[in-house]
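Visitor: I should like to take a close look at a single part of this chain and then see how that part sits within the whole. Please begin with one residue and its contacts, and work outwards from there.

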Amino acid sequence: VVSTQSTGNTEYQIQSSGINAEYGKYRIPNTKQWYQRRVRGSFLVIGDPTEDLLKMTLKLSLIFLALCVLVSNIEAGLEKKRKGSPKVQILNGEEANSDESCAKICSGTTGRGKTTFNAYGNNAYVDVNMAECGFVKIPSVVISLEGSSSHWLVKGSSSVYNTTPNGFRVYLYNEGAGVNRNQLSGLGWNLDWVAVGFTC
């Protein structure tokens, strides 16, 4: 159905999608304006679909850009936090602290059946070499005596002597455990240790 409608002082031919249609969308020939029929004989301009699509695309692009900036800022903050917090933090030690980036944890064991128990009267001492850790200052060392029997009775198993960047010594009062020095390897006694210090 083609009818002539008047909008202001201009008349347009409107092609309806159906006779007596109460609602429908109409395009004015040779223009980019679209009219929606609300009631018979009355029209409402709802805009150009192409322009609306461009506006929507622009809005979505701005939203996407804002999200990218937000994600980037979050990642930058997390990276800064990771770099700002040292992997190993040493509050103090036997010597003045070096740069936090040089802090290192190094651990080892003298080994079951491989530990050398040096004579100290009827008792023993063990020299531990940790030169491979690369410490340049005296590290903090924690030790534990590991074995299969009787080592829980030993005195001196947590006492560290003469620590240097390259090693330390431990004296064991094995007589208190009722065993002599020659039995220690057979019982699997060995020293497990952890050292924390600076490598530069």
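**A residue and its surroundings**

Guide: Ala-177 is in contact with Ser-150, Leu-153, Val-154 and Trp-189, once its neighbours within four places in sequence are left aside. The structure in which these contacts appear is a predicted model. Ala-177 itself lies in the loop between strand β11, residues 167-172, and strand β12. Its relative accessibility is 10%, and because buried means under 20%, Ala-177 counts as buried.

One of the four partners, Val-154, deserves a separate remark. Val-154 and Ala-177 are 23 residues apart along the chain, yet their C-alpha atoms are separated by 5.4 Å.

Another partner, Ser-150, belongs to the loop between β9 (140-146) and β10 (161-164). The contact between Ala-177 and Ser-150 therefore links a residue of the loop between β11 and β12 with a residue of the loop between β9 and β10. Ser-150 has a relative accessibility of 19%, and since the limit for buried is under 20%, Ser-150 also counts as buried. Its backbone has a further feature: phi of Ser-150 is near 70°, a positive value in a residue other than glycine.

A positive phi is also found at Asn-162, where the angle is near 50° and the residue is again not glycine. Asn-162 is part of strand β10. Its relative accessible area is 60%, and because exposed means over 50%, Asn-162 is exposed. Of these residues with positive phi, then, Ser-150 is buried, whereas Asn-162 is exposed.

A residue from another loop offers a contrast with Ala-177. Ala-96 is placed in the loop between helix α1 (49-84) and strand β6. With a relative accessible area of 55%, Ala-96 is exposed, while Ala-177 is buried. The C-alpha atoms of Ala-96 and Lys-137 are separated by 8.6 Å, and these residues are 41 apart along the chain.

The view may now be widened to the spaces within the model. Rolling a probe the size of a water molecule over the atoms shows where empty space is left. A search of the whole structure finds one cavity of 30 Å³ or more. The volume of the largest cavity is about 70 Å³. It is lined by 13 residues, of which Gly-93, Ile-138, Pro-139, Gly-197 and Phe-198 are the closest to its centre. Strand β12, residues 190-198, gives the most to this lining, with three residues. By class, the lining of the largest cavity comprises six nonpolar, five polar and two charged residues.

The largest pocket has a volume of about 150 Å³. Among the residues that line the largest pocket are Cys-106, Ser-107, Asp-127, Val-128, Glu-132 and Trp-193. Strands β6 (103-109) and β8 (123-129) each supply at least two residues of this lining. The residues of the pocket lining divide into five nonpolar, four polar and two charged.

Finally, the chain as a whole may be considered. Its secondary structure comes to one helix and 12 strands. From the N terminus on, the elements run β-β-β-β-β-α-β-β-β-β-β-β-β. Of the 200 residues, 28% count as buried, and Ala-177 and Ser-150 are among the buried residues. Among contacts between residues at least 6 apart in sequence, 58% join residues at least 24 apart. The chain exposes about 13500 Å², and carbon and sulfur atoms supply 52% of this area.

A word on confidence completes the account. The average pLDDT of the chain is 77, and 70% of the residues score at least 70. Over residues 1-47, however, the pLDDT is below 50, although this stretch has 78 contacts in the model beyond near neighbours in sequence. Where pLDDT is low, the predicted coordinates should not be read in detail.

Terms used
Residues numbered from 1 in each chain as written. Predicted model: local features only at pLDDT ≥ 70, side-chain atom pairs only at ≥ 80, totals over all residues. Heavy atoms only, no water. 1 Å grid on protein atoms, 1.4 Å probe; cavity = no way out; pocket = protein on both sides within 12 Å on 5 of 7 lines; lining within 4 Å. Points joined across faces, edges and corners; volume = space filled by probe spheres on them. Nonpolar A, V, L, I, M, F, W, Y, C, P; charged D, E, K, R; others polar. pLDDT = per-residue confidence, 0-100. Contact = heavy atoms within 4.5 Å. Buried < 20%, exposed > 50% of the residue type's maximum accessible area, 1.4 Å probe, protein only. Areas by Shrake-Rupley, 256 points an atom, 1.4 Å probe, with all protein chains shown as cover.
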